[in-house]
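Work through the exercises below with the structure open beside you. Try each task before reading its solution.

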Amino acid sequence: MKNNHPFVVGITGGIGSGKSTAAKFFEKLGIPVYNSDTRAKLIQNENSEVKAKIIAAFGEEAYDENGLNKAYLSKQVFQDNEKLKVLNSIVHPAVFKDFEDWKTAQKADIIMKEAAILIESGSYKDCDVVISVIVDIEKRIARTIKRDNLTREEILSRINHQISDEERIAKSDFIIDNNGDLAHLKSEVEQTFIKIKKRV
């Protein structure tokens, strides 16, 4: 396999599904992971062109002395689908380019792209295989309350802005069930890794 064309595995899942934890297990198995959400935050804070576009679309309040004003932006976009589309149209192309640069620099045969909105953004089409991490909704809510300090209503609002697990499953090659404990998740990741290697 040529190094300039690594095999791209996409991994996604709704809020509180544990996709980042699953991605970390894949990383321990030797797969470099590109975290789209982390990179998107960096780009929104450091890319002057992206910053200018966000301020033009959402006003000066979009940034404060600490950088991106996430609370202000979240309020704007989670209540208004049109505003969400505007934000995504600014951020997605920059993240796409950033991922392509990262991919070119990788030496591994298999790499992974982790993204909450892998399906919605259309970037699943650039992956060779797609994994969805699936968890019962009540578990997702409980985990997110613990992690993000959000209310049940705020979490449900975010879940409603994401596509359903059924839609994710329809576009996925592999499903990881994360309804068990960490040991169960690790074992699901290891089994999926074996299947991916067969595809490569």
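**Exercise 1. Decide whether Ser132 is buried or exposed, then find what surrounds it.**

Step 1. Ser132 has a relative accessible area of 0%, so it is buried. Buried means under 20% relative accessible area, exposed means over 50%, and partly exposed lies in between (1.4 Å probe, protein chains only).

Before going on, note the ground rules. This is a predicted model, where local features need pLDDT of at least 70 and side-chain atom pairs count only at pLDDT 80 or more, while totals for chains, interfaces and linings use all residues. Residues are numbered from 1 along each chain as its sequence is written, and side-chain values use heavy atoms, with hydrogens and water left out.

Step 2. Place the residue. Ser132 sits in strand β6 (residues 129–134). Helices (H or I, at least four residues) and strands (E, at least two) are DSSP runs, numbered from the N terminus.

Step 3. List the partners. Set aside the neighbours within four places in sequence; Ser132 then contacts Thr12, Arg168, Ser172, Phe174, Ile175 and Ile176. Contact means heavy atoms within 4.5 Å.

**Exercise 2. Describe the salt bridge between Lys19 and Glu114.**

Step 1. Recall the principle. Side chains of opposite charge can pair when their charged atoms come close. A salt bridge is a side-chain nitrogen of Lys or Arg within 4 Å of a carboxyl oxygen of Asp or Glu.

Step 2. Read the distance. For Lys19 and Glu114 it is 4.0 Å, N to O.

Step 3. Locate the ends. The pair links distant parts of the chain, 95 residues apart: Lys19 is in helix α1 (residues 19–28) and Glu114 in strand β5 (residues 110–114).

Step 4. Check burial. Lys19 has 10% relative accessibility, so it counts as buried. Glu114 is buried too, at 3%.

Step 5. Look for a wider network. Salt bridges link Lys19, Asp37 and Glu114. The structure holds 13 salt bridges.

**Exercise 3. Find where the salt bridges Lys53–Glu49 and Asp101–Lys97 lie.**

Step 1. Take Lys53 and Glu49. Their closest N and O atoms are 3.6 Å apart. Both residues lie in helix α3 (residues 48–58), four residues apart, about one turn of the helix.

Step 2. Classify them. Lys53 is partly exposed at 43%. Glu49 is exposed at 51%.

Step 3. Take Asp101 and Lys97. Their side chains meet at 3.0 Å, N to O. Both belong to helix α5 (residues 81–105), again four residues apart, about one turn.

Step 4. Classify these as well. Asp101 is partly exposed at 42%, and Lys97 is exposed at 52%.

**Exercise 4. Describe the second largest pocket and its lining.**

Step 1. Recall how space is found. Rolling a probe the size of a water molecule over the atoms shows where empty space is left. On a 1 Å grid over the protein atoms alone, a pocket is an open set of points where a 1.4 Å probe fits, with protein on both sides within 12 Å along at least five of seven lines; lining residues have an atom within 4 Å of a point.

Step 2. Give the volume. The second largest pocket holds about 230 Å³. That volume is the space filled by probe spheres set on the points, which are joined across faces, edges and corners.

Step 3. Name the lining. It includes Ala71, Phe78, Leu150 and Arg158. Helix α4 (70–78) and helix α7 (152–161) each supply at least two residues. The largest share, four residues, comes from α4.

Step 4. Turn to α4 itself. Its buried residues include Tyr72 and Leu73. Their cover includes α2 (36–46), α3 and α5.
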